[in-house]
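Please explain the terms applied to the strands and helices of this model, setting each value against its definition.

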Amino acid sequence: MRDDQIAVLYGADAHKMGYDIMQYADIAARLKPGMHIALKPNLVVGKPASSGATTTTALVEGVIDYLQAHGFDNITIMESSWVGDSTKRAYKVCGYEDLARRKGVGLLDLKNDSTHEVGGIAVCDAPIKADFLINLPVLKGHCQTVMTCALKNMKGCIPDREKRKFHTLGLHRPIAELSRILRPDVTIVDGLNGDLNFEEGGNPVPMNRVFLGFDPVKIDAYACRLMGIDVADVHYIGLAEKLGSGSARIDADSVIDINQDTYQGKRPVTSRSAQRLAKYIAEDQACSACYGSLIHALYRLDEMGQLHRIKQKICIGQGYKGKDLDGCVGVGNCTRGCARHVGGCPPRADKIMEMLLGK
């Protein structure tokens, strides 16, 4: 794949997905013997990935297994939880202590790392000095910046005093500035179970996908589309693009779907927000990625005060395939028989929103 492309892999086996997407992108070809490889997950708080807040441990294990299978053993997981929380506790709660011990990789709390100033920003030394930096963010909403993914995850590589300064400055400009200083070599996004709207978790939505890219700005622009968010509303994306950190442009060949989602297992829609939105859905054998996109779209419409425009339940799922559904509204290729439907397998949340709003 090209450096300006994004590869998307659907499934429910996080470990296999971590390994397979690294293999698809042929990451080993970009590495040299003896390289020190840094893995930067999102462990903002000490909560399991099932909460929608943190990077799935099994995904990271798949990445490690791929690296070790190709002869790369100098690996360190590094992170700094948000101000006021303990990285050490997050490592333990999220299973990273056990993972590091089993795999023989390093585990570094960046709160204890040395720092130096680059371009007016204090940055931890370890991620800067690493030969190859793998960014492993979670696709999720954020109460201050609307969403958080590739670019904002690098904020875990600065000391707490700098994090406080970022918030004082309004987050967007400093996040963009940081993107010039600390650019990951590859980003693998955990889009398996991210939160709808809050970085601390609590409203998880199963999306059953991971995606990989080399341009963190393009990754974040694509993440916005998946969540039904206007890229212009996430100011640091445009700012980072202007600073030369990447491109937010997504063309017809920018995204490669490696496979299609077929997972129809247990859908743990446990949050009140997701349960309330599910009342608008008539689901029959829906795959998780498709269903998750619809939940995200409905959530954004709710934020816009537009849910009242939905007068009938929205059909979704393989149970509707081949049926004549005249007068119905549908989401996904399986609902082609509906009078109105948005195609895609799965469709993006932004396209679902356009259809429901009649655009």
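The questions and answers below take up the burial, pairing and packing of selected elements.

Q: What makes this a model with pLDDT limits, and how are residues numbered?
A: The model is predicted, and local features need pLDDT of at least 70, side-chain atom pairs count only at pLDDT 80 or more, and totals for chains, interfaces and linings use all residues. Residues are numbered from 1 along each chain as its sequence is written, and side-chain values use heavy atoms, with hydrogens and water left out.

Q: Why does L9 count as buried?
A: Its relative accessibility is 8%, and buried means under 20% relative accessible area, exposed over 50% and partly exposed in between, with a 1.4 Å probe and protein chains only. L9 therefore counts as buried.

Q: What does L9 touch, leaving out residues up to four places away in sequence?
A: Contact means heavy atoms within 4.5 Å. L9 touches M17, D20, I21, N208, R209, V210, I258 and N259. The C-alpha atoms of L9 and I256 are separated by 8.8 Å, although these residues lie 247 residues apart along the chain.

Q: What makes strand 1 mostly covered?
A: Strand 1 comprises residues 6-10 and includes L9; strands (E, at least two residues) and helices (H or I, at least four) are DSSP runs numbered from the N terminus. Five of the five residues of strand 1 are buried. I6, V8 and Y10 on one side and A7 and L9 on the other are all buried, and both faces are thus covered.

Q: How do you know that strand 1 pairs with strand 11 and strand 12?
A: Two strands pair if DSSP finds at least two bridges between them. Five bridges join strand 1 to strand 11 (residues 209-213), and these two run antiparallel. Three bridges join strand 1 to strand 12 (residues 255-257), which run parallel. V8 stands opposite F211 in strand 11, and the bridge partner of V8 in strand 12 is D257.

Q: Why are strand 13 and strand 16 said to stand at the edges?
A: The open sheet has four strands in the order 13-14-15-16, with parallel pairing. Strand 13 (281-283) and strand 16 (338-342) each have a single partner strand, so one side of each is left without a neighbour in the sheet.

Q: Why is helix 1 called oblique to helix 2?
A: Helix 1 (residues 14-24) and helix 2 (residues 57-69) pack at an angle of about 45°, with their axes 6 Å apart. Axes are lines fitted to C-alpha atoms, for helices over the stretch in contact, and angles run from 0 to 180 degrees between N-to-C directions. Angles under 35 degrees count as roughly parallel, over 145 as roughly antiparallel, 65 to 115 as roughly perpendicular and the rest as oblique. The angle of helix 1 and helix 2 therefore makes the pair oblique.

Q: Why are helix 9 and helix 10 called roughly antiparallel?
A: The axes of helix 9 (residues 216-227) and helix 10 (residues 235-242) come within 10 Å and cross at roughly 150°. Helix 9 and helix 10 are therefore roughly antiparallel to each other. V217, D220, A221 and C224 of helix 9 make the contact with Y236, I237, A240 and E241 of helix 10.
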